[in-house]
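Please load the model in a viewer and keep the selection tool at hand. The tour proceeds by side-chain contacts, one stop at a time.

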Amino acid sequence: MYYYNYKGANLVSVTPEKNLGPEIEPVTQGHLFAVVPGDPVLGRGSFKVTHPGQLLASHGLEVLDASRLPDLNSEFPWGEALMPPLDCRPIPLMVDENVERAIAGGRLTAVNTSRPGWEDILHWSPNPGKKRVNILAIGDVGSTLLTGLKLLGGDVISSIGICDLSDQITARWEFEMGQINLPWQYDVFPEVEVVTPDQLFDCDMFVFVASKGIPPVGSQIKDVRMAQFEANAGIVKHYAKMAREKGFQGLWCAVSDPVDPLAKTAYLESNRDENGVFDGRGLRPEQIQGFGLGVMNARAAYFAKRNSRLASFLTEGRSFGPHGTGLWIANSIDHYDEEISAELTRLTVTANLKMREIGFKPYVAPALSSGALSLLLTLRGEWHCGSVFLDGVYMGVKNRYTPAGIETELLPRIPDPLFGHIQEAADHLKSII
């Protein structure tokens, strides 16, 4: 391993680096940044390293599966099947004990040094203490999400700002929320106040709930989420540019449909200059997360509770992929069953249509399970379901935010059929944007 002190931060690399200055003695304690190569646009910006193999395979879906990662302490990290001839075999890539300890202690952050402005990550850290949350659009979803954050977020939220095109709507909800209090304990819940569009990015967490053109109940549109993409993408573009101009350093949360393509839209548009050229000076990919998988996971649990054949999901299951087409519900990781998983996936994906058949818009469960509850788990640094930048798209997985960066769950082994469905989900998202 090669160690460097670059701009006051300790870096380590599995290969020598020319532009980081002279080598230093191995670093045995404190925060380490691992240099990893990657595409400047479609590669991840930074992440918490939980396996040595992620230093070589840093950006693809294999980071979710330890069995698919290269072994850096092997002479042939990619496996014997890819052995080169004897006369051109490379020097083995090894990780030393210092790096292994840093991984075990949660002190190793991978940094994609191909991205413009990657040096900013070396000295960035979130604001300590409770966080300011600003919400854009207080409609059905926004008002329900707001209520959940107000009632449940006092431990991690300092205050909540609300913004909407209608001054009447924001006045109503500021008035309503201000009258929710416990007797004689008037500081338990975060205060809610109206903010102007210019103040939207004066916060730690920006929640995008704006939406346009939601198909009415009774419409014949089958893919309701994708019907909203074009209109909502235009709104996202406007606020992504605003985040860029403001130098926003917090977390951008996409809640509006279709969640996952809109998250990528926010990333790409915030990083384009006035000529539309990608310059990497906007939101980092890890600054954005899509919040749509939470309700899909909760819907799968709903059906699993009511059918013993599906019950394995409650203790062994996982959800992967987007909020809608491409989603895959795994009944179990250790005892994966393709037929049961397919049934559970079908029930979950069509649950919103069932609510529409009843005669109502399906927004309460999404606003709480994908919205308020998942946002609060994020602020608390706890495991939750959400879409993070992976394989060039925003992919829904189990993840959490840590002092060393965003951490995606690393499973010992994902069965081949299940991994195939995860890959299909990524390919589907790539076809959209």
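Is Arg-380 buried, partly exposed or exposed? With a relative accessible area of 31%, Arg-380 is partly exposed. The structure on display is a predicted model, and every value quoted on this tour is to be read accordingly.

**Stop 1: Asp-155 and Arg-380**

Keep Arg-380 selected and add Asp-155. These two residues form a salt bridge in which the closest N and O atoms are 2.8 Å apart. Asp-155 belongs to the loop between α2 (140–152) and β7 (157–163), while Arg-380 belongs to the loop between α11 (364–379) and β14 (384–390), so the contact ties together parts 225 residues apart in sequence. Asp-155 has a relative accessibility of 44% and therefore counts as partly exposed.

**Stop 2: Arg-318 and Glu-409**

Next, select Arg-318 and Glu-409. Their side chains meet in a salt bridge, with an N to O distance of 2.7 Å. Distant parts of the chain are linked here: Arg-318 is in strand β12 (residues 318–320) and Glu-409 is in the loop between β16 (405–408) and α12 (416–432), 91 residues apart. The relative accessible area of Glu-409 is 13%, so this residue is buried.

**Stop 3: Glu-193 and Arg-132**

Move to Glu-193 and Arg-132, whose side chains form a salt bridge at 3.0 Å, N to O. Because Glu-193 lies in strand β8 (residues 191–194) and Arg-132 in strand β6, the pair ties together parts that are 61 residues apart in sequence. The two partners fall into separate burial classes: Glu-193 is partly exposed at 39% relative accessible area, whereas Arg-132 is buried at 13%.

Before leaving the charged pairs, select Lys-48, Arg-400 and Glu-407, which are linked in a network of salt bridges. The count of salt bridges comes to 18.

**Stop 4: Tyr-6 and Trp-118**

Now turn to the rings. Searching the whole structure yields 10 aromatic pairs. In one of them, Tyr-6 and Trp-118 have ring centres 5.5 Å apart and planes at 15 degrees, so the pair is stacked. Since Tyr-6 lies in strand β1 (residues 2–6) and Trp-118 in the loop between β5 (108–112) and β6 (131–136), the pair ties together parts 112 residues apart in sequence. Tyr-6 is buried, with a relative accessible area of 16%; Trp-118 is buried as well, with a value of 10%.

**Stop 5: Phe-208 and Trp-252**

Select Phe-208 together with Trp-252. This aromatic pair is also stacked, at 6.0 Å centre to centre and 15 degrees between the planes. Phe-208 is in strand β9 (residues 205–208) and Trp-252 is in strand β10 (residues 251–254), so the pair ties together parts 44 residues apart in sequence. Both Phe-208 and Trp-252 are buried.

Extend the selection to Phe-201, Phe-206 and Phe-248: with Phe-208 and Trp-252, these residues form one aromatic cluster.

**Stop 6: charges over rings**

Which residue has its charged end over the ring of Phe-47? Select Arg-44: its charged end sits 3.7 Å from the centre of the Phe-47 ring. Finally, select Arg-284 and Trp-124; Arg-284 lies over the face of Trp-124, 5.2 Å from the ring centre.

Methods
Residues are numbered from 1 along each chain as its sequence is written. This is a predicted model: local features need pLDDT of at least 70, side-chain atom pairs count only at pLDDT 80 or more; totals for chains, interfaces and linings use all residues. Side-chain values use heavy atoms; hydrogens and water are left out. Rings of Phe, Tyr and Trp (its six-membered ring) pair if their centres lie within 6.5 Å; planes under 30 degrees apart count as stacked, over 60 as edge-to-face and the rest as tilted. Helices (H or I, at least four residues) and strands (E, at least two) are DSSP runs, numbered from the N terminus. Buried means under 20% relative accessible area, exposed over 50%, partly exposed in between (1.4 Å probe, protein chains only). A charge sits over a ring if NZ of Lys or CZ of Arg is within 6 Å of the ring centre and within 35 degrees of the ring normal. A salt bridge is a side-chain nitrogen of Lys or Arg within 4 Å of a carboxyl oxygen of Asp or Glu.
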